[in-house]
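Opened the notebook on this one today. I want to know how the chains meet and what sits against the DNA.

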Protein chains: 2
Amino acid sequence: MNIAQIRNHLETHDVKPSHHRIKVYQYLVENRNHPNVDMIYRELSTEIPTLSRTTIYNTLNLFVEKGLVSLITIAENEMRYDADTSLHGHFRCHRCGKIYDLRLKGSALEFENMDNFRVDESHLYFKGLCGNCLAEAGDK
Amino acid sequence: MNIAQIRNHLETHDVKPSHHRIKVYQYLVENRNHPNVDMIYRELSTEIPTLSRTTIYNTLNLFVEKGLVSLITIAENEMRYDADTSLHGHFRCHRCGKIYDLRLKGSALEFENMDNFRVDESHLYFKGLCGNCLAEAGDK
DNA sequence: ATACAACTTTGTAATGATTACAATTTCATA
DNA sequence: TATGAAATTGTAATCATTACAAAGTTGTAT
């Protein structure tokens with residue numbers, strides 16, 4: 001996704017494509033690592049020395065509000081963000097902390113009593129040990 | 001679930017059944033409202049005037065550690081707790097804030113690439129508008 | 001080009017849930 | 001009843017996030 005495409009994508013979602021916003025969105029698209037605010041801040045502030053953390057917060061809140069990114073609350077004490085807004089699951093390894101994407105098999109996810117509700121967001125979170133950490137420390 | 005049963009249940013999970021712990025667990029069993037710390041504190045401190053919030057935090061952390069209750073992070077800025085540790089989903093209405101239980105239909109919840117992982121926890125969160133709020137304010 | 005209004009960005013201070021920690025109290029047992 | 005371990009308490013610290021007001025930037029009409 002190049003700059004022109006990003007610019008267009010933001011405008012499609014009713015977000016004015018300022019330089020900072022483009023950079024934040026670009027980070028999210030190029031680093032599929034479900035970052036928190038600090039990860040984005042530390043990376044972008046090397047390019048934009050005057051960058052403020054508040055701008056990252058403002059930008060991400062705007063993106064979430066406009067449906068450009070989704071907010072992941074799989075880690076108890078921090079918000080993480082994902083440019084992939086399609087329905088998929090997340091797995092967080094409690095040893096290395098890495099968050100993996102999980103792709104749903106089929107589209108079967110049905111509940112007995114969800115008829116009356118209007119569902120706007122779905123979050124599928126799993127926690128445990130990832131393959132790497134199982135191999136390195138099989139007992140924990 | 002009476003006091004003797006609660007006492008026994010705590011002991012089964014390697015938790016010494018102090019008076020406070022029994023009261024906290026009893027609250028969770030009798031109020032299936034997925035409370036946060038403050039809801040439990042406000043309720044119990046009428047019975048136990050000397051109760052400290054820290055005790056609630058300590059107790060809930062112990063319960064989670066010992067597998068007696070599960071920690072729900074569906075609300076961004078606060079932890080909520082559930083005495084039902086079986087696999088089920090949660091729906092949070094963004095208008096009234098209430099959290100509903102959802103029972104999985106079948107046990108079909110499969111992912112493409114979860115083979116290598118050891119899953120210890122599953123969290124299925126959904127957000128939107130509940131039936132009541134849809135009826136009362138159909139447009140929001 | 002200029003001025004103006006609207007919007008964006010910044011930095012500091014406030015908020016609020018949770019945790020750290022040390023002191024006090026309670027409990028179980030000899 | 002004495003003693004040590006465990007539970008409880010209260011205050012202070014932590015830390016991610018938000019509030020807010022000032023400063024900077026952009027686009028547009030004149």
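**Entry 1: the chain contact**

I started with polar contacts across the interface of chain B and chain A, and the rule gives 13 residue pairs, both residues at pLDDT 80 or more. I keep in mind that this is a predicted model.

Which elements of chain B touch chain A? I listed those giving two or more residues and got β3 (89–93), β4 (99–102), β5 (118–129) and α5 (131–136) of chain B. β5(B) gives the most, with 12 residues.

Next I sorted the residues on that side of chain B by type: 18 are nonpolar, nine polar and 11 charged. With charged residues on my list I went looking for salt bridges between chain B and chain A, and the count is zero.

**Entry 2: how much is buried**

I counted the residues in the contact and found 38 from chain B and 38 from chain A. Together the two chains bury about 3,700 Å², and 62% of that is on carbon and sulfur atoms. Which residues of chain B lose the most area to chain A? They are F111(B), F117(B) and R118(B), together 17% of what the chain B side buries.

**Entry 3: strand to strand**

I went back to β5(B) to see what it pairs with. Its partner is strand β5 (residues 118–129) of chain A, and I count 11 bridges between the two. Parallel or antiparallel? The sense is antiparallel. For a register mark I noted that F126(A) stands opposite S122(B) in β5(B).

**Entry 4: DNA strand D**

I turned to the DNA and looked up the protein around strand D. There are 16 residues around it, and Y57(A), M79(A), S18(B), R21(B) and T55(B) come nearest. That list draws on chain A and chain B.

The elements tell a similar story: α4 (53–65) of chain A, α2 (19–30) of chain B and α4 (53–65) of chain B each supply at least two residues of the surface near strand D. By type, I get three nonpolar, 10 polar and three charged residues on that surface.

What part of the DNA faces the protein? Of the strand D atoms within 4 Å of the protein, 75% belong to sugar or phosphate, and the rest to bases.

So I checked individual phosphate oxygens of strand D. Y57(A) puts a polar side-chain atom 2.9 Å from one. M79(A) uses a polar backbone atom, at 2.7 Å. On chain B, a backbone N or O atom of T50(B) lies 3.0 Å from a phosphate oxygen of strand D.

How values were computed:
Residues numbered from 1 in each chain as written. Chains lettered and ligands numbered in written order. Predicted model: local features only at pLDDT ≥ 70, side-chain atom pairs only at ≥ 80, totals over all residues. Heavy atoms only, no water. Near = heavy atom within 4 Å. Polar contact = N/O pair within 3.5 Å; in protein donor to acceptor, adjacent residues only side chain to side chain. Helix = DSSP H or I, 4+ residues; strand = E, 2+ residues; numbered from the N terminus. Nonpolar A, V, L, I, M, F, W, Y, C, P; charged D, E, K, R; others polar. Contact = heavy atoms within 4.5 Å. Buried area = accessible area lost by both parts, 1.4 Å probe. Salt bridge = Lys/Arg side-chain N within 4 Å of Asp/Glu carboxyl O. Pairing = 2+ DSSP bridges.
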